[in-house]
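User: I should like a close examination of a single residue, set in the context of the whole model. Please keep the account connected and formal.

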Amino acid sequence: MLIGEALKMVRETLYPKYGDFAVPQSEEILLFFLKCSRSDLYLNSTKQINPELIPELKQILKRMLNNEPLGYILGTVFFYSREFEINSDVLIPRPDTETLVEEILSNEKMDRCRFVDAGIGSGIIACVLKESRPQWEAYGIDISYNALKVASKNCSNQVSLACCDLFSSFKPCRFFDFIVSNPPYISENEFFLLDQSVRNHEPYHALYGGEDGLDFYRRLAVESKGILRNNGRIYCEIGFNQKKPVKEIFTECGWSNIIIKDDLGRNPRVIRAVLKDNK
Ligand SMILES: C[S@@+](CC[C@H](N)C(=O)[O-])C[C@H]1O[C@@H](n2cnc3c(N)ncnc32)[C@H](O)[C@@H]1O
């Protein structure tokens with residue numbers, strides 16, 4: 001089979017299920033297989049594919065038609081133009097989370113500071129921050145030991161990791177300048193509306209945020225006070241419909257300068273708040 005024919009075959013197989021997403025997905029699969037650049041894929045469309053690869057290609061398509069996310073099948077995803085290893089122990093990084101990273105990089109101007117990524121998962125947020133600001137001191141926690149194994153591969157030894165329930169393994173310390181978190185925020189009702197590929201394959205504890213989806217914001221608004229410095233900041237990703245309740249939670253817990261930032265799709269996506277007078 002020629003490369004161009006394989007691309008067409010993959011696209012046509014995926015189209016009935018994935019519609020227009022079949023185009024980028026078919027490219028991603030072939031790029032992974034052939035270990036080539038996007039331009040090479042089209043420039044070499046009349047070259048033969050090694051026939052030994054075809055059964056593997058068909059196996060990938062079978063898994064995709066069975067709702068398995070492509071990221072888990074290939075074992076890698078791109079986030080902020082950087083490749084990360086993933087597996088089914090971690091949430092698949094979403095482009096929306098780039099808004100959270102951007103918000104921090106444009107607000108935190110200190111040369112030196114310490115931050116913790118609460119619910120680090122695959123490590124995408126802490127890794128990108130640490131790579132953009134190598135002098136920052138980075139910590140990451142997660143309740144899932146298996147997720148931390150993935151974070152540790154992606155972050156090598158750039159981020160100090162701990163397995164704990166939020167900040168339970170930190171002594172009250174006023175140690176951090178800011179906290180970042182993309183917590184689980186799917187409500188009970190929303191959980192049952194999720195696409196099967198998400199509901200059946202991504203980790204439940206990375207998605208489910210309690211009956212109304214807000215459990216983690218309630219905890220973060222209170223428990224962050226034990227580890228943040230005076231005037232410390234928190235940055236959290238939020239669901240598109242959570243702007244009002246999350247703002248209320250942080251206001252009621254005494255946080256100030258609360259700002260909500262939209263993502264590129266103009267949905268509310270990030271909350272930033274400051275903890276004044278944390279004495
Ligand atoms: C939505 S995922 C975010 C993962 C990653 N930061 C990202 O943005 O792709 C939430 C993460 O929080 C972790 N988590 C859930 N409950 C937790 C808890 N009580 N304490 C610490 N981490 C928790 C999950 O294991 C999961 O890795």
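With its C-beta neighbours inside 10 Å taken into account, does Leu129 count as buried or exposed, and how many such neighbours are there?

Analyst: Leu129 counts as buried, because 24 C-beta neighbours lie inside 10 Å, whereas 20 are enough for that class. The model is a predicted one, and every value below is computed from it.

Leu129 is placed in helix H7. Setting aside the neighbours within four places in sequence, the contacts of Leu129 are Val101, Ile104, Phe115, Trp136 and Ala138. Val101 stands 28 residues away from Leu129 along the chain, yet the C-alpha atoms of the two are separated by 7.1 Å.

Helix H7 also has a part in the surroundings of the ligand. H7 (124-132) is one of the elements that give two or more residues to the shell around the ligand, together with strand E4 (137-142) and helix H11 (204-207). The shell comprises 22 residues, and the closest are Gly119, Gly121, Ile143, Asn182 and Ala206. By class, 13 residues of the shell are nonpolar, seven are polar and two are charged.

The wider chain gives the setting for this residue. The domain assignment places domain 1 at 3-66 and domain 2 at 89-275. The centres of the two domains, taken over C-alpha atoms, are 35 Å apart. In secondary structure, the protein chain has 13 helices and nine strands. The radius of gyration is 21 Å, close to the 19 Å that the globule rule gives for 279 residues, so the protein chain is as compact as a globular protein of that length. The C-alpha trace spans about 70 × 40 × 35 Å along its principal axes. Buried residues make up 35% of the 279 in the protein chain. Of the contacts with a separation of 6 or more, 63% are between residues 24 or more positions apart.

Helix H1 offers a further case of burial. H1 covers residues 3-18, 16 residues in number, and reaches 21 Å from its first C-alpha to its last, close to the 22 Å expected at 1.5 Å a residue. Its buried residues are Ile3, Ala6, Leu7, Val10 and Leu14. An α-helix has 3.6 residues a turn, so residues three or four places apart point the same way. The cover over the buried residues of H1 includes helix H2 (22-34), helix H3 (38-43) and H4. After H1 comes Gly19, with a positive phi near 55°.

Helix H4 (residues 54-65) has 12 residues and reaches 17 Å between its first and last C-alpha, close to the expected 16 Å. Asn67 follows H4 and has a positive phi, near 75°.

Two further residues with positive phi may be set beside Leu129 with regard to burial. Ser156 is not a glycine, and its phi is near 40°. Ser156 belongs to the loop between helix H8 (145-155) and strand E5 (159-163), and it counts as exposed because it has 10 C-beta neighbours inside 10 Å. Asn231, likewise not a glycine, has a positive phi of about 70°. Asn231 is located in strand E7 (residues 228-237) and counts as partly exposed, because its C-beta neighbours inside 10 Å number 14.

In summary, Leu129 is a buried residue of helix H7, and H7 is among the elements that contribute to the shell around the ligand.

Definitions and conventions
Residues are numbered from 1 along each chain as its sequence is written. This is a predicted model: local features need pLDDT of at least 70, side-chain atom pairs count only at pLDDT 80 or more; totals for chains, interfaces and linings use all residues. Helices (H or I, at least four residues) and strands (E, at least two) are DSSP runs, numbered from the N terminus. The radius of gyration is taken over C-alpha atoms; the globule rule is 2.2 Å times the number of residues to the power 0.38. A residue is buried if 20 or more other C-beta atoms lie within 10 Å of its own, exposed if 12 or fewer, and partly exposed in between; C-beta atoms are placed from the backbone. Two residues are in contact if their C-beta atoms, placed from the backbone, lie within 7 Å. The expected span of a helix is 1.5 Å times one less than its number of residues. Domain bounds come from an automatic or database domain assignment. A residue is near a molecule or strand if its C-beta atom, placed from the backbone, lies within 6 Å of it. Ala, Val, Leu, Ile, Met, Phe, Trp, Tyr, Cys and Pro count as nonpolar, Asp, Glu, Lys and Arg as charged, and the others, Gly among them, as polar.
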